[in-house]
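User: Could you take me through one part of this structure closely, starting from its interior and then moving to the place where the chains meet? I am in my first year, so please go step by step.

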Number of protein chains: 2
Amino acid sequence: MSKAKVLLVGMGGVGSIAAYSLEKAGKSEVTAVVRSDYDTLIKEGFELQSCDFGKVDVFRPTNVCKSVDEAVSKHGPFDFVVFTMKNTPDVQPLNPFIEKCYHDDLGIVLLQNGYGIHKAVLQKFPSAYVISGVSMISSTLYGRTVKQVGPESVKIGVCDNGKTDYGKQEKKCKEFIELYSTDKNDVTFDENVNYTRWRKLVYNATINSSCALTNVDIGRLELFGGVDSIVRPAMAEVLAIAKSDGVELPESIMEFMIRSDDGEWYAPSMLVDIRKGNYTEYQVILGNALDVAKENGIAAPVLTVLYNLLHVIQWRTMEEKHRFTLPEKRPLPQDNFKIEFK
Amino acid sequence: MSKAKVLLVGMGGVGSIAAYSLEKAGKSEVTAVVRSDYDTLIKEGFELQSCDFGKVDVFRPTNVCKSVDEAVSKHGPFDFVVFTMKNTPDVQPLNPFIEKCYHDDLGIVLLQNGYGIHKAVLQKFPSAYVISGVSMISSTLYGRTVKQVGPESVKIGVCDNGKTDYGKQEKKCKEFIELYSTDKNDVTFDENVNYTRWRKLVYNATINSSCALTNVDIGRLELFGGVDSIVRPAMAEVLAIAKSDGVELPESIMEFMIRSDDGEWYAPSMLVDIRKGNYTEYQVILGNALDVAKENGIAAPVLTVLYNLLHVIQWRTMEEKHRFTLPEKRPLPQDNFKIEFK
C-alpha cells in the first residue's frame, strides 16, 4: 500500500510532534508548511526532547514547503490537510489555505484549540470531511528544540457536515486515526467532539484568559485571589453555555481543571502568547462560546469582559506587528477614521 | 499674622504644584515629606514647567523631610496635613501617618483620587477635621521636572464627622481654601464633595482601568472597540451605584468623560502606573465603589471583573517590588501556605 499524503500546516510544539507521529507510524508522508522557522527546519532540522519518543537529534518531515501553494504544486494532491497552527481566525483564517488544497475527497483535520471551529470551514465547503481533534499535550518549540513534557493524547471525531453519508465521514476520520497512531501516543475516536471541546474550554476560556490578562501563572493567580474571584464564576458561565448547547458537564470538572497544574508555576499558552507579544486564540476560545451564549440567551458577564479586554489587546498586538499604522494626531469620531490593514 | 504650618505628604505632579501654590499664596509654610526623591529635592530642587506659574528653575518647599516623624519633631505641630501621594491603602494606608501628627485641631486634607476615602480616617479619628479635595490638574513629575499642562482647579469640601459642630468644620475647610488660593489656580468650596467624587469616578473607574488592563491609551481603546464594549457598560454601573448612594449624575456625563481627552493619545494615570510597574489606585477607585454597590444591592458585573483583575495585578506588583517571596515549588491548597509580607 502506498503511503497517504498528509499536508501539515504549523510546525510548533503540537505540529512537530504530530508530524513526527505521522511519519513514525509509517503510513503517511508528511509535507509540512512552515513560515518563520523554514530556514532552521531546512538547514538544521528540529531537535525533539520528547517524553513519548525520547531524544531525536534531527527531525525533518519528508517535505518542507514555505506555502500551501508550493506544497500542492510539488507534492499534492493530499489525502489529508492537518492544521496544527495557532487558531486565530481574526488574523489568519483557515479557508484561504483550504481553498488551495481542496478536493472532494480531502480530509480536513483541525488539531486546534477552540469551540465550533469547524463551522467556518463547513460554511465555505459544505460537503467537506471535517475532522476535529482535541490534543492533550504539553509541547513547546524553543528555537529549534521541541520540548514535549506531557504525553500526547488526542481525541479525534467527526464534524458532521449533514450532507455526506455519516458512515463515509466516520470512515475518513478513522482512516486518519489509523495514520496517526503509534505505540507511544494515545489516539482515540471521539463519539462526542462537542463534549470534548466544551470540556477543554472550561480551562481555556477561564484560567488561560485570566492569566493572560494579569500576566501571572496559574499558581500566582490562585495565591493572589484570581481563581476564586474570576476563574470560578467564569467556569460556571462556561458550564451554563455548554448546557444550553446540549452538553452537560459535571460541576466537578471545575475543581479538576483548577487543580490540573498543581505543584507547577505553570504559564498557560495564552499567557505565553501575551508574554511573547503574539496573537492570542481569544476568538475561538471565548468569542465562539459567547456567540452560543448570545444565541441561547445565556448571561456570561465575566467571560464577556475577559473577551472584550483580550479583543483590545489583540488589536494592540496587530499594531505592534505593523498590521496598520495610526495617524500622529488622534482622530475624532467625526473624522470617520477607519483602520486600514496592510 | 504668622504663617500657617502645612505638612504635605507626597511631592509628585499634584503635590509639587500644591506645595508651590501654598507657598506662593504667602500664607503658609510648607514642610514636605518626600521619600524616593529626597536627595534630588534637597540638592537640586524641582524645576516647574507650569501652565499656571510659567517656568520655575528651582523650587524647594521651605522644609523638606524624609518622614512625618522627622517633620513633626523639627517643624511641628502643624495646622494642616495635606495628602497628595498616590492613594493605595492596601499598600500604604494613611492612618499611620496621621497618627504621628494628629492633634484635636489638625485639618486633614485628602487631595487624592477615589471615593469614600475619608471613611477609614474617621473610623480611626472620629472627631477629626477631614477635608476632601478633588483636583482637576494634569501634572506629572519626570525626574526633577514637574510638567503641568492643565490648569489647577480644585474643589474642596467638608467630610462631616457627625460629631464636631458642622460650622466649625466648614470654617476649617475655608481656612484651607484661603491658604491655597492664588491668582493662578481655581480653588472653590464644594457643597457636595460626594457628588464631585462620584463624578470623577465615572472616568477613573472605567477609562482608567480599561486602559490599564489593556495597555493602550484612550485613543486606541476607542479605536479598538473598548470604549463601546467595556467603558460604556462600566460607566452605566458607576451611575447606578452613585444613584443608590444619593448622587444622581446626568447620563450625559458619560459622553462628556469619553470625549474629555479628544484629540490626544492620552494615557490615563492608572495606565502610566502600570507601565512604570507601580501600584495602582484600584482599591479607592473601584474597590470602594463596589463596597457601596454591595451594600445597596446594585449589580456591577463589569466593574467587578475589572477590579478583580487589577487586584491580581496589584499583588503581582507587590511581588515585583519584593514585598514577599514565593517558594520555588508552587504550594498546594492543603499546604495552607500564607503569603508573608516583609
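Analyst:
**The core and the contact between the chains**

The largest nonpolar core of this predicted model has 162 residues, and those with the most contacts inside it are A:Phe83, A:Trp198, B:Phe83 and B:Trp198. In soluble globular proteins, nonpolar side chains tend to be buried together. To see what surrounds one of these residues, take B:Phe83, which, if its neighbours within four places in sequence are left aside, is in contact with B:Val9, B:Leu94, B:Phe97, B:Ile98, B:Ile108, B:Val109, B:Leu110, B:Leu111 and B:Gln112.

From the core we can turn to the place where chain A and chain B touch, a contact that takes 44 residues from chain A and 44 residues from chain B. The area buried between the two chains is about 3700 Å², and carbon and sulfur atoms give 66% of it. Between chain A and chain B there are also 17 residue pairs in polar contact, counted where both residues have pLDDT 80 or more. On the side of chain A that touches chain B, helix 7 (193-214), helix 8 (218-223), helix 9 (226-244) and helix 13 (301-320) of chain A each supply at least two residues. The largest share of that side, twelve residues, comes from helix 13 of chain A. Sorted by kind, the residues of the side of chain A that touches chain B are 25 nonpolar, eight polar and eleven charged.

Charged residues bring us to salt bridges. Side chains of opposite charge can pair when their charged atoms come close. The structure holds 44 salt bridges over all chains, and the count between chain A and chain B is six. In one salt bridge, B:Arg220 pairs with A:Glu319, and their closest N and O atoms are 2.7 Å apart.

Within chain A, the side chains of A:Glu255 and A:Arg259 meet in a salt bridge at 3.9 Å, N to O. A:Glu255 counts as partly exposed because its relative accessibility, 36%, falls between the cut-offs of 20% and 50%. In chain B, B:Arg259 forms a salt bridge with B:Glu255, with the closest N and O atoms 3.9 Å apart, and B:Glu255 is partly exposed, at a relative accessible area of 35%. B:Arg259 also forms a salt bridge with B:Asp262, where the closest N and O atoms are 2.7 Å apart, and B:Asp262 is partly exposed too, with a relative accessible area of 27%. Salt bridges that share partners join A:Glu222, A:Asp228, A:Arg232, A:Glu255, A:Arg259, A:Asp262 and B:Arg330 into one network.

Finally, the backbone deserves a careful look. A cis peptide bond joins A:Gly76 and A:Pro77, with omega about -10 degrees, and A:Pro77 lies in the loop between helix 3 (68-75) and strand 6 (80-83) of chain A. In chain B, a cis peptide bond joins B:Gly76 and B:Pro77, again with omega about -10 degrees. Another backbone feature is found at B:Asn215, whose phi is near 60 degrees, a positive value in a residue other than glycine. B:Asn215 lies in the loop between helix 7 (193-214) and helix 8 (218-223) of chain B, and B:Asn215 is partly exposed, with a relative accessible area of 30%.

How values were computed. Residues are numbered from 1 along each chain as its sequence is written. Chains are lettered from A and ligands numbered from 1 in the order in which they are written. This is a predicted model: local features need pLDDT of at least 70, side-chain atom pairs count only at pLDDT 80 or more; totals for chains, interfaces and linings use all residues. Side-chain values use heavy atoms; hydrogens and water are left out. Contact means heavy atoms within 4.5 Å. Buried area is the accessible area (1.4 Å probe) that two parts lose on being put together, summed over both. A salt bridge is a side-chain nitrogen of Lys or Arg within 4 Å of a carboxyl oxygen of Asp or Glu. A polar contact is a pair of N or O atoms within 3.5 Å; within protein, one must be able to donate a hydrogen and the other to accept it, and residues adjacent in sequence count only if both atoms are side-chain atoms. Helices (H or I, at least four residues) and strands (E, at least two) are DSSP runs, numbered from the N terminus. Ala, Val, Leu, Ile, Met, Phe, Trp, Tyr, Cys and Pro count as nonpolar, Asp, Glu, Lys and Arg as charged, and the others, Gly among them, as polar. A nonpolar core is a set of buried Ala, Val, Leu, Ile, Met, Phe, Trp, Tyr and Cys residues joined through side-chain atoms within 4.5 Å. Buried means under 20% relative accessible area, exposed over 50%, partly exposed in between (1.4 Å probe, protein chains only).
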